[in-house]
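Reader: Hey, can you walk me through this protein? I'm new to this, so plain words please.

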Amino acid sequence: MSTILSPGDVKLRDGRSVDFANLDIAATAPCLRAVADAVAELLPFYGSVHRGAGALSERCTREYEQARETVADFVGCRDGDTVVFTRNTTDALNLLARAVPEGTTVLTFDGEHHANLLPWQQSLHLDAPRSPQEAVELLEWALRRQPCGLVSVTAASNVTGEVWPVAALAEVAHRYGARLAVDAAQLAPHAPVDLTALGADYVAFSGHKLYAPFGAGVLAGRADWLDAAEPYLAGGGASASVGDDLDVRWATGPARHEAGTPNLLGAVAIAAACRALAAADHSAERALVARLRAGLARLPHVEELRLFEADAERVGIVSFAVLGEDPGALATTLGRDHGIGVRTGLFCAHPLTRRLLSEATARIAPSAPVPPQAVRASFGLGTTEAHIDRLLEALRR
């Protein structure tokens with residue numbers, strides 16, 4: 001039985017049917033069968049969380065808090081850490097931005113996804129590095145000159161798939177008295193993300209990228225800033241008590257930032273995905289990445305986007321420029337004529353992707369117009385060599 005839910009065959013424009021090649025997993029991953037089963041099992045018992053004394057409420061409250069414990073184990077939470085359920089990575093990082101003590105300087109790199117760039121607009125931004133080692137050197141250079149309280153970085157680029165040196169960055173940040181937050185939206189589906197092993201202070205990720213598309217995300221890490229901050233949302237659940245004159249005593253712990261009826265099914269889905277991924281073998285993915293990159297390198301007028309060296313570690317994300325083709329029309333052709341789903345655009349990382357498109361075009365044909373968008377193929381559980389080969393053959397044709 002397949003580990004993921006799949007649409008199976010899709011009909012092409014010429015009437016043929018083929019197995020759908022989903023190469024847009026970095027945007028939204030399919031649902032794991034184990035996740036769907038966990039949600040379906042709970043649905044008959046669905047009830048309120050933290051708000052009732054009946055059998056349904058007791059079970060749902062227990063399931064919700066057990067999900068929190070499962071996530072805490074998955075990300076290697078330590079004593080003094082907490083897990084807050086959010087809507088997605090963007091929500092989680094905006095919550096952290098809200099909780100950072102006033103006057104704290106935050107540092108990021110310009111190569112970040114907008115979710116880890118726009119919440120920190122008033123802070124310091126370093127140029128995107130050209131190697132993992134340069135990232136570490138740039139951070140040390142910056143922290144020697146400007147004290148910062150928080151450094152926020154990606155764990156794996158959603159544009160290039162390149163893995164960042166999080167543990168080394170955390171070591172530098174801590175040496176200069178800063179904390180480190182990690183946008184793990186693209187790494188968590190492909191490799192372990194452990195706060196203890198990485199030495200990071202916070203990690204954020206999304207359920208819909210973790211094969212658990214039920215509208216939940218996670219912010220996990222040190223509790224002190226979160227416990228001291230004003231609630232992210234004011235409302236029921238976040239308030240421990242409200243007086244007649246509306247004086248409020250706010251809740252402590254995760255409830256402080258989980259106002260309103262919580263997303264029980266989203267939390268249970270993420271926990272089921274964490275259990276499945278903790279036991280998953282991702283070794284085949286490296287061979288698929290190498291197969292796709294080698295195939296693209298043989299195609300004229302196609303150039304991979306990359307920030308680091310060609311041999312840098314990557315997860316299952318490869319973006320590329322195609323000269324002389326409209327990216328949107330190309331994606332439509334891949335879908336309607338070949339049963340392949342890809343993403344085109346600037347991938348919510350506009351400054352970085354525009355820069356890499358210009359560099360890729362210059363490597364192929366310096367005088368050619370720069371494509372307005374890139375094409376991204378992303379994959380994970382359920383992707384096969386046949387899917388990769390179909391994409392390469394379609395591009396060749």
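**Starting with a cysteine**

Author: Sure. Cys31 is buried, with a relative accessible area of 12%; buried means under 20% relative accessible area, exposed over 50%, and partly exposed in between, with a 1.4 Å probe and protein chains only. Keep in mind that this is a predicted model, where local features need pLDDT of at least 70, side-chain atom pairs count only at pLDDT 80 or more, and totals for chains, interfaces and linings use all residues. Residues are numbered from 1 along each chain as its sequence is written, and side-chain values use heavy atoms, with hydrogens and water left out.

Reader: Ok, why is Cys31 not in a bond with Cys274?

Author: Because the sulfur of Cys274, the closest cysteine sulfur to that of Cys31, is 13 Å away, which is too far. A disulfide here is a pair of cysteine sulfur atoms within 2.5 Å.

Reader: And what about Cys77?

Author: Cys77 is in no disulfide either: its nearest cysteine sulfur, again in Cys274, is 11 Å off. Cys77 counts as partly exposed, at 24% relative accessibility.

Reader: So how many disulfides does the count give?

Author: Zero, by that rule.

Reader: New topic. How is the chain divided up?

Author: Into domain 1 (9-30 + 281-396) and domain 2 (33-278). Those bounds come from an automatic or database domain assignment. The C-alpha centres of the two domains are 29 Å apart.

Reader: How many residues from each domain take part in the contact?

Author: Domain 1 gives 33 residues and domain 2 gives 29, where contact means heavy atoms within 4.5 Å. About 2,800 Å² is buried between domain 1 and domain 2, and carbon and sulfur atoms give 55% of that. Buried area is the accessible area (1.4 Å probe) that two parts lose on being put together, summed over both.

Reader: Which residues in domain 1 lose the most area to domain 2?

Author: Leu307, Phe308 and Val315, which together make up 23% of what that side buries.

Reader: What's in the largest nonpolar core?

Author: There are 88 residues in it, and Leu180 and Ile270 touch the most other members. A nonpolar core is a set of buried Ala, Val, Leu, Ile, Met, Phe, Trp, Tyr and Cys residues joined through side-chain atoms within 4.5 Å. Helix H8 (residues 264-278) supplies the largest share of this core, 11 residues. Helices (H or I, at least four residues) and strands (E, at least two) are DSSP runs, numbered from the N terminus.

Reader: What does Leu180 touch?

Author: Leaving aside neighbours within four places in sequence, Leu180 has contacts including Leu150, Val166, His174 and Tyr202. There's also a second, separate core of 24 residues, with Val289 and Ile340 among them.

Reader: Any odd backbone angles? Like, what's phi for Tyr211?

Author: Phi of Tyr211 is near 65 degrees, a positive value in a residue other than glycine. Tyr211 sits in the loop between strand E9 (202-206) and strand E10 (217-222) and is buried, at 0% relative accessible area.

Reader: And His301, where's that?

Author: His301 is in the loop between helix H9 (283-297) and strand E13 (302-304). Its phi is also positive, near 65 degrees, but His301 is partly exposed, with a relative accessible area of 48%.

Reader: Last one: is Gly345 buried or exposed?

Author: Buried, at 6% relative accessibility. Gly345 belongs to strand E16 (residues 343-345). Gln373 is 28 residues from Gly345 in sequence, yet their C-alpha atoms are 4.6 Å apart.
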